[in-house]
Amino acid sequence: MCVSHLKDVDGCVCAAVIRSAIQANFMLTNYGNIITCLSKIRQSYDHVYICDLGLSENHIPSINRVRQFADVTYIDHHQLNPNIIAALQGLGVEVVHDTQDCASILTYQLFQEYLSHETGILPCYSAISDRLESGPQAQILLNQYDRDFVLFETMLLTYAIEQADIAFKKRVVNQLAKLKYPHQIKDVSTLALEQLSKITALRTDLPLKAKTLQNLTYIEMQGESLGAIANLLLDVCNADVSVSYNHDPNKLHSDLSIRGKSHMLIDLGMLTSNIAKKLGGFGGGHALASGARVPSDKVIDFIKSLDSQISQTITK
């Protein structure tokens, strides 16, 4: 069984690579549902792969339960607390972790002996979509394929996944595992163009609706890909750091995506994790791309605290 991140290309490709290599079943999940997803794994599985999901201490008991009957391999590239890695290894979990390359590059390397040359194009999509094409292993792999072809297929896949529901993403994983190119997968091109049209409209709307603090720009957006909105805010609002968020229907919790420009000498993953934990939530990610889930009544507290922490960090 592969449990992988459903929000972006990297998570979907991890599942596709493992399915292609060993015909594994897979489940796609977001950060808020990892524990629920792990609870569904029963003793019919003897090996569980967890991919592209930054884990926290909250997940350790669930993984410990799975370890009673299955081997567990954790493959990830997010910034991780060393204590989490130590706790996982203490349970006998194989940890494959490197922040320089995306998770599907690491997954491909782990299963490379079972895969054809053409399968290597899949993690190339992830490296570009995750903006980690400069990673040491990604550079080697990307040099093996026609760059223009890979770029075009990546953009189709990225925009389609931003627009797609989970049922469609599962179909995409299955088709990628069969080495179908994104443009060959039914409805990928249509969804990608729909998403592109949305983004075109948002380029006009976002500057009118976004709010700005000292160091960041933020916006509430229901029904949209939060990561895509956060990336777009950096562009159309000329922001150094951006935050997009939405609430669950009952306003019990809220999800946030945070992005920063490359010149910012900050670690958003670390800041996000620390602030979210203090507010009764959780979060993490990369230096310039992170996410969090916090109680809905703490969202503005999170944003203001992040703004303050950025000020303290950049003035040191």
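This is a short tour of two cysteines, a histidine and a pocket.

The model is predicted: local features need pLDDT of at least 70, side-chain atom pairs count only at pLDDT 80 or more, and totals for chains, interfaces and linings use all residues. Residues are numbered from 1 along each chain as its sequence is written, and side-chain values use heavy atoms, with hydrogens and water left out.

**Cysteines**

Select C51. Its sulfur lies 4.0 Å from the closest cysteine sulfur, in C2, too far for a bond; a disulfide is a pair of cysteine sulfur atoms within 2.5 Å. C51 is buried, at 0% relative accessibility (buried means under 20% relative accessible area, with a 1.4 Å probe and protein chains only). The disulfide count is zero. Go to C37, which is in no disulfide: the nearest cysteine sulfur, that of C2, is 9.5 Å away. C37 is buried too, at 6%.

**H78**

Now select H78, in the loop between β4 (71–76) and α4 (82–90). Helices (H or I, at least four residues) and strands (E, at least two) are DSSP runs, numbered from the N terminus. H78 is buried, with a relative accessible area of 8%. Leaving aside neighbours within four places in sequence, H78 is in contact (heavy atoms within 4.5 Å) with residues including Y31, D52, H97 and H286.

**A pocket residue list**

Return to C37 and add L6, M27, L28, T29, N30, N33, T36, K40, I166 and K170: these line the second largest pocket. A pocket is an open set of points on a 1 Å grid over the protein atoms alone, where a 1.4 Å probe fits, with protein on both sides within 12 Å along at least five of seven lines; lining residues have an atom within 4 Å of a point. β2 gives the most to this lining, three residues.

Conventions:
Buried < 20%, exposed > 50% of the residue type's maximum accessible area, 1.4 Å probe, protein only.
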